[in-house]
Amino acid sequence: MASIHRTVPESPLDTLDRYTDAGGGEAIGIARTEAADDVIAEILRSGLRGRGGAGFPTGRKWQTVRANTAGAAGSATVVVNGAEGEPGSFKDRTILRSNPFAVLEGAIVAAYAVDARRVVVAIKASFEVERDILERARTAIASVGWLDDVEMEIFTGPSAYLLGEETALLEAIDGRPPFPRIAPPYRRGIDDDIIPEERDHDATRSAANVELAGPRTETTGTPTLVDNVETMANIPGIVARGADWFRSIGTESSPGSVVCTVSGSAPHHAVGEFAMGTPLREVLETLGGVDCTHIVAVATGVSSPIVDPAHLDTPLTYEDFEAAGTNLGTAGFIVIDDEADLLTATLDAAAFLAVESCGQCTPCKADGRTIATGLGALVVADASEIRPDLDTVRAALTTVADGARCNLASQQQAVVGTILDRFPEMIADVADRTRAPRTNVVIAPITDLVGGRFVLDTLQAAKQPDWTFDDLDSGKAPADWLRHADDIPAPHS
């Protein structure tokens, strides 16, 4: 099955005229004239699920936010999550570069649907190309009246991986470090301060209340709808053409299309859009020119268990990937072939997660470091040292997610734990120093696509666990700065 072009157009729709000539803009007219409940009903009927990784039903999220808006002190806010930082994923930035007006139109439709008066499009400050595109697109749509009822801003935040986590993103938009909250975003949205008796006007304090972390039963804030770039890009087509059109491809439980990224041990690195239900093998062959007979594993970023060769024919659906023991995630597929060093790739993933942990939850940071250190020791171990190092890693994997408020710690268990369990021969090979040298598949965020190869974030390797780029790690977790220091190191952008 060839790639399709619903959210990633064949030719970039990089001007408003090109976008409207292709049918864009119709959804805003419908959203302005139809009842909000009817618009949400169409999104529900479409079966669209969030394309940010979790796959939560989009219509149900919108319905929940609208219901919680009633009686709130202020109107809701819509946030477009464009803080793409999952290693192996470049699909959101591809959409922003080729189809920005669809994303903005989708966000405006969402604002009408949930009774919001403010839209925030959030990206990382390092996404300079995307920021310029979004600024020009916002100016263009304002000139034709698309923003007459809605305020829209482009927010740029730090490079931290956790910026992509919904509640951490809301923290950053409010001017605080990107540390995840306990409360879900529809209970505590943007401009939601800590409870009155604890209010402190120092913007470095966290609405998550790091000092006294605990669940809240009441909130003074208004609801916030957070959907990712790809999700929003699907909205105009559903509203203008109907749920049946959206469901004309894909499967009953996972309808529509999904934008995939192929990288790693692939002859070609690329981004492409496919109907949900397309076998993973077909995506790897079509986009990357991959010879699947040489695949050892396919990593779906650092969020989920790897896909082994026995499951390469798994259809791209949420339910089929779950049945295969993993998750579809952001559909970013890092290919690891039989010439690559799987152990080093595992170390890269563990080290990335250990560094990017904010440290609000002590086991996540401390055990994450232990896992990365233990894997690093395994890479250079001899036969007599293997067992103690491996036991240390396995012990840390059992406790790393204790008390975790977000999924990052569980990702250590999902990625590192499953690789250790499924590839015992990898450990057995550690002591075999006669084996031929292997190539490295680096696990790091993507910064660009140049000449059919992804450019990776070279700064990631120099980032310390305290989120500085100093020569030496201070030994503090990022959250420790908030708890104990008068000033917080400026985050890398």
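**Strands and a charged patch in a predicted model**

Strand S2 (residues 116–124) is mostly covered, with eight of its nine residues buried. This is a predicted model in which local features need pLDDT of at least 70 and side-chain atom pairs count only at pLDDT 80 or more, while totals for chains, interfaces and linings use all residues. Residues are numbered from 1 along each chain as its sequence is written, and side-chain values use heavy atoms, leaving out hydrogens and water.

Q: Why is strand S4 (residues 224–228) called largely enclosed by the rest of the structure?
A: Buried means under 20% relative accessible area, exposed over 50% and partly exposed in between (1.4 Å probe, protein chains only). Five of the five residues of S4 are buried, so the strand earns that description.

Q: What makes both faces of S4 count as covered?
A: In a regular strand the side chains alternate between the two faces of the sheet. Here Thr224, Val226 and Asn228 on one side and Leu225 and Asp227 on the other are all buried.

Q: How do you know that strand S1 (residues 76–81) and S4 pair?
A: Pairing requires that DSSP finds at least two bridges between two strands. S1 and S4 have five, in the parallel sense, and threonine 77 stands opposite threonine 224 in S4. S1 also runs parallel to S2, joined by six bridges, with valine 79 partnered by valine 120.

Q: Why is glutamate 339 called partly exposed?
A: Glutamate 339 has 48% relative accessibility, so it falls between the two cut-offs for buried and exposed. Its place is the loop between strand S8 (332–337) and helix H13 (342–356).

Definitions and conventions. Helix = DSSP H or I, 4+ residues; strand = E, 2+ residues; numbered from the N terminus.
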